[in-house]
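Hi,

Here is the structure I promised to pass on to you. Have a look at it first, and then read on for what I found in it.

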Amino acid sequence: MIVVPCPNCGPRNSGDLRNCGELVPRPDPSAASLIEWREYLYMRKNPADWVTETWYCRGGCRRYFTIERNTATNEIRGQEAS
Amino acid sequence: MGKRPPKYSAGALVKHGLTRGDWPRMWRRPEMHDSYDVVVIGGGLHGLATAYYLAENHGITNVAVVDKGYIGGGGSGRNTAIVRSNYLTPEGVAFYDRSLDLYNTMATDLNLNIMFSRRGHLTLAHTDSALRTMHWRAEVNKLQGIDSSVIDPQEVKKQAPSLDVSPNTRYPIMGALYHPPGGIVRHDAVVWGYARGADHHGVHILQETEVLDINVEGGTGPGGKGAGGRVSGVKTSRGDINSPVVVNCTAGWASLISNMAGVPLPITTHPLQAAVTEPCKVFLPTVVVSGSLHVYVSQTDRGELVFGASVDPVGTYRVNGTLEFTEELAGHVLELMPGISKMRLLRQWSGLCDMTPDYSPVMGFTPVEGYLVDVGWGTYGFKAGPVAGETLAETIATGRTADLIAPFGIERFTEGDLVGEKGAAAVGH
């Protein structure tokens, strides 16, 4: 079980939230080439290390926030609403 | 190289029993060379099959298979050993059906009993929309000559009498996609068979050899890696290897290896949990899958029930089991088969799945010359192992992407030409 600290609802079981995956900077839609756009959509670093990722508190406050999680150990640090 | 090893046969068994002679090792522990024609990273089913077909079909025997652990220790030894070819897209059906053909003759080809049991495969439908997808799949399958049809609950009961097909359950069984050629295989034997076959041809199987970096020159990314570059070898925990061709067959760890070459992949790694019960008398004649209930079950020759589920929703490289999984699994299995409520679980485990956005693999050449991938195998890598090895070997040997894997190239993501297989691969295997 992974306990995720929601900034509003406090520590929650990860099953109450949705993991939206690692944070990828969104290119400017008016300037991005097709390749840049599709790399943003699909390509991921997927490291076995600390990763900054977005979560959605679907069972609680329904807000999005980012945390850092170590994907090798599931340790969590830092959180901010986004 | 070396002499052809003694064949496994009933005669050899009697002879060894009487003389108490030692069985020869199935594969050697060779000294690592400085250079090879092809280096395959990952000593699982896919890597070993690729090496075997390179040697067997194309005469390329100066090949090394490197693995940081022991062969077959990843997904190849953790899957639930189900094979089938009733997929949803014509590309998927053609590909997986070739794999089934190879499994069919594998015991003879590799001279090793892989215990292939063609027992039939049921994918249950609990909703109208699931039933609609079953009809869709059945029609796609029939068009390509695959034995696959939709059957009603009474027929389901005949195929698997232990299932509760009454309409009064929480998730009533409304029908099923029946695929008689599907079945189960002993997965370890397949790994050992390919390892033994490849070793006989002179392929070096280098276990406990971890790849630390991939050497790429002339690329546009940092350190000369990435698109436009060319592979020159790999750096391992036992020294450097020069090689013009490096193949990534590392499944759940695929992104970590690919990042070493500067080639990003459309993959996230998720664990998939499975469990097995204590053995009991054989009562379940077919493989039973329920997509809506996130479970698939088959009974091994030892009488154990093997259960698998869908991947865990949170991507991680950590493979410990969870109580949530066990509870959900038990609830759903009892929904299907109330009669086994007194059975106890023997053990539970998980393996890493390299999930792609469209539930199809990523295979073939990449923007780095000489670096090939065979990744994105998600939850369907075992059933595809033989055909993946065969087509990848052809691609390496001829320098041209094999027809069967042409739809699965990495460029489909930049071209927006995905092969949506979720309807047939997400849970149903």
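In this predicted model, six strands of chain B make up an open sheet with mixed pairing, ordered β8-β2-β1-β12-β19-β18. Its edge strands are β8 (204-206) and β18 (362-365) of chain B, each of which pairs on one side only. From one strand to the next, the twist averages 15 degrees.

Inside that sheet, strand β1 (residues 38-41) of chain B runs parallel to strand β2 (residues 63-66) of chain B, and four bridges join the two. If you want a spot to zoom in on, take Val40(B), whose bridge partner in β2(B) is Val65(B). A helix also lies across part of this sheet: α9 (residues 381-398) of chain B covers β1, β12 (245-248), β18 and β19 (371-375) of chain B, and runs at about 170 degrees to β19(B).

There is another open sheet in chain B, with eight strands in the order β5-β6-β4-β14-β15-β16-β13-β17, and its pairing is mixed. Here β5 (149-151) and β17 (345-355) of chain B are the edge strands, each pairing on one side only. The twist in this sheet averages 20 degrees from one strand to the next. Strand β4 (residues 121-125) of chain B pairs with strand β6 (residues 175-179) of chain B in the antiparallel sense, over five bridges. One residue pair to look up there is Leu124(B) with its bridge partner Ala176(B) in β6(B). Helix α4 (residues 128-143) of chain B lies across β4, β5 and β6 of chain B, at about 25 degrees to β6(B).

Stepping back to the whole chain, I count eleven helices and 19 strands in chain B. The radius of gyration of chain B is 22 Å, close to the 22 Å that the globule rule gives for 429 residues, so chain B is as compact as a globular protein of that length. Its C-alpha trace spans about 65 × 65 × 45 Å along the principal axes. Of the 429 residues in chain B, 53% are buried. Among contacts in chain B between residues at least 6 apart in sequence, 75% join residues at least 24 apart.

Finally, which residues bring the chains together? The contact takes 21 residues from chain B and 18 residues from chain A. On the chain B side, the elements that give two or more residues are α7 (254-260), β13 (268-277) and α10 (412-415). The largest share there, three residues, comes from α7(B). By class, the side of chain B that touches chain A has ten nonpolar, nine polar and two charged residues.

Happy exploring, and best wishes!

Key. Residues numbered from 1 in each chain as written. Chains lettered and ligands numbered in written order. Predicted model: local features only at pLDDT ≥ 70, side-chain atom pairs only at ≥ 80, totals over all residues. Contact = placed C-beta atoms within 7 Å. Nonpolar A, V, L, I, M, F, W, Y, C, P; charged D, E, K, R; others polar. Pairing = 2+ DSSP bridges. Axes fitted to C-alpha atoms, helices over the stretch in contact; angles between N-to-C directions. Rg over C-alpha atoms; globule rule 2.2 N^0.38 Å. Buried ≥ 20, exposed ≤ 12 C-beta atoms within 10 Å, placed from the backbone.
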